[in-house]
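Okay everyone, thanks for coming. Let's look at a structure together and take it piece by piece.

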Amino acid sequence: TRDTAMTRSTPDLNETKALLQVLGMDTSEITAIPSETMQDFATGEEITVVTSYSKHSESSNQTTYLPKETALAEAAALKPQQEAYFLEHPESVISPMGEKPNESSTPGIFKDDYMKITHAAVRLRNDAGLYKYTTSATWLTTPLFRGFDSIGSCTKSGSIKQNTGSGSYYYTTKTYNAGKLTNTTNSGKKSFTRIERVEKNGWSGCAGIFTLPSNTQISGGVSILQSDIGAYFEYQGHVEHPELATNFNTVGSYSHSTVSISFTPSVTISTNMPFVSAGITLDVFPDVDIRNAEDEVRYIP
């Protein structure tokens with residue numbers, strides 16, 4: 001919470017970035033935030049940030065939320081195994097689940113994917129009851145299946161301000177020749193395929209839809225591996241009754257399709273999922289992996 005008297009005519013953005021790190025954001029998440037939104041973080045009356053770390057099991061189709069240290073350690077151990085297997089087995093690029101070797105004659109599979117989601121609500125000044133909602137998602141391991149994904153957030157008993165939904169996704173491209181790393185480049189901020197807003201069961205939300213970049217094999221022993229995939233989305237919305245004190249829930253969501261489809265899917269809001277009140281997701285149920293980070297915000301006029 002920032003007192004009005006603390007607001008400077010020229011905000012200290014370095015101080016703001018340091019504050020966001022303390023609140024749980026990492027460097028890639030902070031870099032993805034547009035300059036205008038960084039100004040909002042620097043001058044907003046209140047900032048609320050929540051972070052979740054999760055693992056999704058392909059075999060059980062269940063998501064488990066983990067302590068930060070556990071998720072980071074398990075993901076760090078799995079990620080190099082995935083990359084090494086891709087380089088050794090070019091045919092694995094066509095497998096939606098990603099085979100891996102084990103001690104038996106039958107290959108095993110990479111069944112788990114790890115993700116970090118950071119969701120923030122910033123109460124903006126000079127407009128009663130107006131908030132900016134931001135959601136960042138980072139794949140701690142890289143999913144083997146690459147199709148349509150979405151990132152966004154939804155809020156209970158609130159509105160969406162017209163034409164404020166925006167964001168981007170980004171990733172690292174690694175080029176290997178005969179198994180040796182020869183080049184690493186950053187994609188920069190890529191535009192979403194589509195941005196959609198939706199209202200359902202008293203919830204309103206907005207999300208960006210995009211296609212995950214695929215690994216490729218090129219003749220002559222050249223391999224292209226896409227990793228460190230992340231995405232960012234934001235929008236603005238008012239509380240339902242700006243004149244009244246209220247508590248409301250806001251949920252940042254990332255959804256990952258697990259089947260190939262020939263059309264760009266829409267998004268929907270589901271109020272029937274474990275751990276959270278609701279979530280905004282691709283409308284391809286049940287073939288979707290959904291991760292969430294929920295918070296309760298206290299609004300006082």
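**A buried arginine and its surroundings**

Let me start with a backbone contact: the backbone oxygen of Asp 113 sits 3.2 Å from a polar atom in the side chain of Arg 291. Before I go on, please keep in mind that this is a predicted model.

So where is Arg 291? You'll find Arg 291 in strand β17, which covers residues 288-299. And is Arg 291 buried or exposed? Arg 291 is buried, with a relative accessibility of 0%. Besides Asp 113, whose backbone oxygen I just mentioned, there is a side-chain partner: Arg 291 and Ser 54 are joined by a polar contact of 2.9 Å between their side chains. Also look at Tyr 254, which is 37 residues from Arg 291 in sequence, yet the two C-alpha atoms are 5.2 Å apart in space. Hold on to Tyr 254, please; that name comes back in a minute.

While we're here, take a look at Ser 52 in strand β1, residues 46-57. Ser 52 counts as buried, at 10% relative accessible area. The side chain of Ser 52 reaches the backbone oxygen of Asn 292, and the distance there is 2.9 Å.

**The aromatic rings**

Next, the rings. How many aromatic pairs are there? The count is 12. One of them is Tyr 169 with Phe 210, a stacked pair with 4.6 Å from centre to centre and 20° between the planes. Tyr 169 belongs to strand β8 (residues 166-177) and Phe 210 to strand β11 (residues 203-211), so this pair ties together parts that are 41 residues apart in sequence. Both partners are tucked away: Tyr 169 is buried at 13% relative accessibility, and Phe 210 is buried at 0%.

Phe 210 has another ring partner, Phe 192. Their ring centres are 5.7 Å apart and the planes meet at 40°, so we call that pair tilted. Phe 192 is in the loop between β9 (180-186) and β10 (194-200), while Phe 210 is in strand β11, so here the pair ties together parts 18 residues apart in sequence. Phe 192 is buried too, at 12% relative accessibility.

Now zoom out a little. Ring pairs link Trp 139, Tyr 169, Tyr 171, Phe 192, Phe 210, Phe 233 and Tyr 254 into a cluster. And there is Tyr 254 again, as promised, a member of that cluster whose C-alpha is 5.2 Å from the one in Arg 291.

**Cysteines**

A quick word on cysteines. How many disulfides does the model have? The count comes to 0 disulfides. As for burial, Cys 154 is buried at 0% relative accessibility, and Cys 206 is buried as well, with 5% relative accessible area.

**Pockets and cavities**

On to the empty space. The largest pocket holds about 480 Å³. Its lining has 22 residues, and the ones nearest the centre of the pocket are Asn 272, Met 273, Pro 274, Phe 285 and Ile 290. Which elements give two or more residues to that lining? They are β2 (62-66), β15 (267-270), β16 (279-282) and β17. The largest share comes from β17, with 4 residues, and β17 is the strand that holds Arg 291. By class, the pocket lining splits into 10 nonpolar, 9 polar and 3 charged residues.

What about closed spaces? Searching the whole structure turns up 2 cavities of 30 Å³ or more. The second largest has a volume of about 40 Å³. Its lining includes Tyr 133, Thr 155, Lys 156, His 238 and Phe 248. In class terms, the lining of this second largest cavity has 3 nonpolar, 6 polar and 1 charged residues.

**One helix to finish**

Last stop, helix α1, residues 13-22. Which residue caps the N-terminal end of α1? That would be Asp 12, with a side-chain oxygen 3.1 Å from the backbone nitrogen of Asn 14. Just after α1 comes Gly 24, with a positive phi of about 120°.

That's the tour, so over to you for comments.

Terms used: Residues are numbered from 1 along each chain as its sequence is written. This is a predicted model: local features need pLDDT of at least 70, side-chain atom pairs count only at pLDDT 80 or more; totals for chains, interfaces and linings use all residues. Side-chain values use heavy atoms; hydrogens and water are left out. A disulfide is a pair of cysteine sulfur atoms within 2.5 Å. Buried means under 20% relative accessible area, exposed over 50%, partly exposed in between (1.4 Å probe, protein chains only). Rings of Phe, Tyr and Trp (its six-membered ring) pair if their centres lie within 6.5 Å; planes under 30 degrees apart count as stacked, over 60 as edge-to-face and the rest as tilted. A polar contact is a pair of N or O atoms within 3.5 Å; within protein, one must be able to donate a hydrogen and the other to accept it, and residues adjacent in sequence count only if both atoms are side-chain atoms. On a 1 Å grid over the protein atoms alone, a cavity is a set of points where a 1.4 Å probe fits but cannot get out, and a pocket is an open set with protein on both sides within 12 Å along at least five of seven lines; lining residues have an atom within 4 Å of a point. Grid points are joined across faces, edges and corners, and a volume is the space filled by probe spheres set on the points. Ala, Val, Leu, Ile, Met, Phe, Trp, Tyr, Cys and Pro count as nonpolar, Asp, Glu, Lys and Arg as charged, and the others, Gly among them, as polar.
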